[in-house]
Amino acid sequence: MSGNVQLLSDTLAAAKSEGRSALIAYLPAGFPTVDGGIAAVKAVFEGGADVVEVGLPHSDPVLDGPVIQTADDIALRGGVRIADVMRTVREAYEATGRPVLVMTYWNPIDRYGVERFTAELAEAGGAGCILPDLPVQESALWREHAEKHGLATVFVVAPSSKDARLADITAAGSGFVYAASLMGVTGTRESVGAQAQDLVRRTKATTDLPVCVGLGVSNAVQAREVAGFADGVIVGSAFVKRMLDAPDEAAGLDAVRALAADLAKGVREAREARDVRGVRGTA
């Protein structure tokens with residue numbers, strides 16, 4: 001069975017055709033439980049997310065801040081396994097028909113086996129993988145199997161990336177490019193900053209792939225800001241925090257559904273603001 005890289009591309013293209021950015025949500029598998037995590041992914045889709053990244057919990061998540069680390073710890077203590085990640089992808093995709101990716105560090109895939117992992121992810125209906133710590137120059141084996149199974153390979157670029165390095169990364173990737181808005185770990189921020197806009201500009205100069213911005217976006221105002229210059233707005237810690245702060249699972253699902261709706265509204269307000277500027281510019 002082939003994976004859903006084309007569904008991912010079509011979804012991002014559809015958002016672009018509507019004159020807006022895509023909303024991409026992140027939630028870890030197995031948090032607060034495997035069933036609860038699956039329900040949370042469905043809830044953010046219901047709220048308005050276009051794409052969801054399912055995190056594979058890791059004991060040493062070097063890119064992730066304390067919120068996602070806490071959720072990963074809960075999932076790992078609950079006994080989550082790669083099979084549960086695949087189940088999360090499968091059930092979310094089958095219920096919604098929307099693109100679901102896995103975000104994971106390289107070590108679990110390396111230990112599990114690249115061929116086995118890509119085959120199972122494709123069979124589950126996955127659209128691809130985001131691999132924040134896999135160097136492009138060491139990615140040939142992964143990319144070979146990912147392409148064979150119809151999966152996107154999404155690499156991460158950062159403000160520190162030089163232009164030549166950006167070109168190397170984007171040439172090797174597929175699906176979209178994940179632009180980290182700032183140096184540091186995941187987590188909500190007071191502002192996303194001009195660094196992200198400059199990084200998107202430099203990245204777009206090297207590729208026709210959509211460029212989606214993550215790290216720091218937590219509310220509709222920030223989503224609107226980022227949607228003004230990026231092809232996608234990626235939100236993770238804000239969703240996880242809503243689940244962590246909720247008194248029970250049902251309240252957590254309501255909270256992430258509501259946050260997705262608020263963020264989706266912000267993304268669409270950015271489109272409306274662009275439309276207004278366009279009308280003024282032609283008046």
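## A walk through the sheet and its helices

Start with A22, which stands opposite G232 in strand β9. (Helices, H or I and at least four residues, and strands, E and at least two, are DSSP runs numbered from the N terminus.) Before going on: this is a predicted model, where local features need pLDDT of at least 70 and side-chain atom pairs count only at pLDDT 80 or more, while totals for chains, interfaces and linings use all residues. Residues are numbered from 1 along each chain as its sequence is written, and side-chain values use heavy atoms, with hydrogens and water left out.

**Stop 1: β9 and its two partners**

Select residues 232-235, strand β9. G232 and I234 point one way, V233 and V235 point the other, and all are buried (under 20% relative accessible area with a 1.4 Å probe, protein chains only; exposed is over 50%, partly exposed in between). In general, side chains of a regular strand alternate between the two faces of the sheet.

Now add β1, residues 22-28. β1 and β9 run parallel and are joined by 4 bridges (two strands pair if DSSP finds at least two bridges between them). Further along, A25 sits opposite V235 of β9.

For the other partner, show β8, residues 211-214, which is parallel to β9 and linked to it by 2 bridges. Here C212 is the residue opposite G232. To get from β8 to β9 the chain passes through helix α10 (residues 220-227), in a right-handed β-α-β crossover. Right-handed means that, with the strands pointing away from the viewer, the path from the first strand over the helix to the second runs clockwise.

**Stop 2: β1 and β2**

Which residues of β1 lie on each side? A22, I24, Y26 and P28 are on one, and L23, A25 and L27 are on the other. Both faces are covered, with 7 of the 7 residues of β1 buried.

Bring in β2, residues 51-55. This strand pairs with β1 in the parallel sense over 5 bridges. Look for A25 opposite V52 and Y26 opposite E53. The link here is helix α2 (residues 34-47), which makes a right-handed β-α-β unit with β1 and β2.

Zoom out to the whole sheet. It is open, with 9 strands in the order β5-β4-β3-β2-β1-β9-β8-β7-β6 and parallel pairing. Its edge strands are β5 and β6 (156-157), each pairing on one side only.

**Stop 3: helix α1**

Select residues 5-17 for α1, a helix of 13 residues that reaches 18 Å from first C-alpha to last, close to the 18 Å expected at 1.5 Å a residue (1.5 Å times one less than the number of residues). L8, T11, L12 and A15 are its buried residues. They span an arc of only 90° around the axis, which puts them on the same side of α1 (the arc is that of the directions from the helix axis to the C-beta atoms). The cover over them includes β1, β2, β3 (100-103) and β5 (152-154). Flip to the face turned away from the buried side and you find exposed Q6, K16 and S17. Just after the helix, check G19, with a positive phi of about 75°.

**Stop 4: helix α6**

Next, pick residues 114-123. V114, F117, T118, L121 and A122 are the buried ones in α6. Their arc is only 125°, which puts them on the same side of α6. Among the elements covering them are α4, α5 (106-112) and α7 (140-148). After α6 comes G125, with a positive phi near 90°.

**Stop 5: three buried side chains**

T88 is in helix α4 (residues 82-96). Buried at 1% relative accessible area, T88 contacts A29, V34, I38, V41 and V54, leaving aside neighbours within four places in sequence (contact means heavy atoms within 4.5 Å).

T203 is in helix α9 (residues 194-204) and is buried at 0%. What does its side chain reach at 2.7 Å? The backbone oxygen of L199.

Finish with L166 in helix α8 (residues 163-172), buried at 0% relative accessibility. Beyond the four-place neighbours, its contacts include V157, L199 and T203. Draw a distance between the C-alpha atoms of L166 and L199: they are 33 residues apart along the chain and separated by 9.5 Å.

Technical notes
A polar contact is a pair of N or O atoms within 3.5 Å; within protein, one must be able to donate a hydrogen and the other to accept it, and residues adjacent in sequence count only if both atoms are side-chain atoms.
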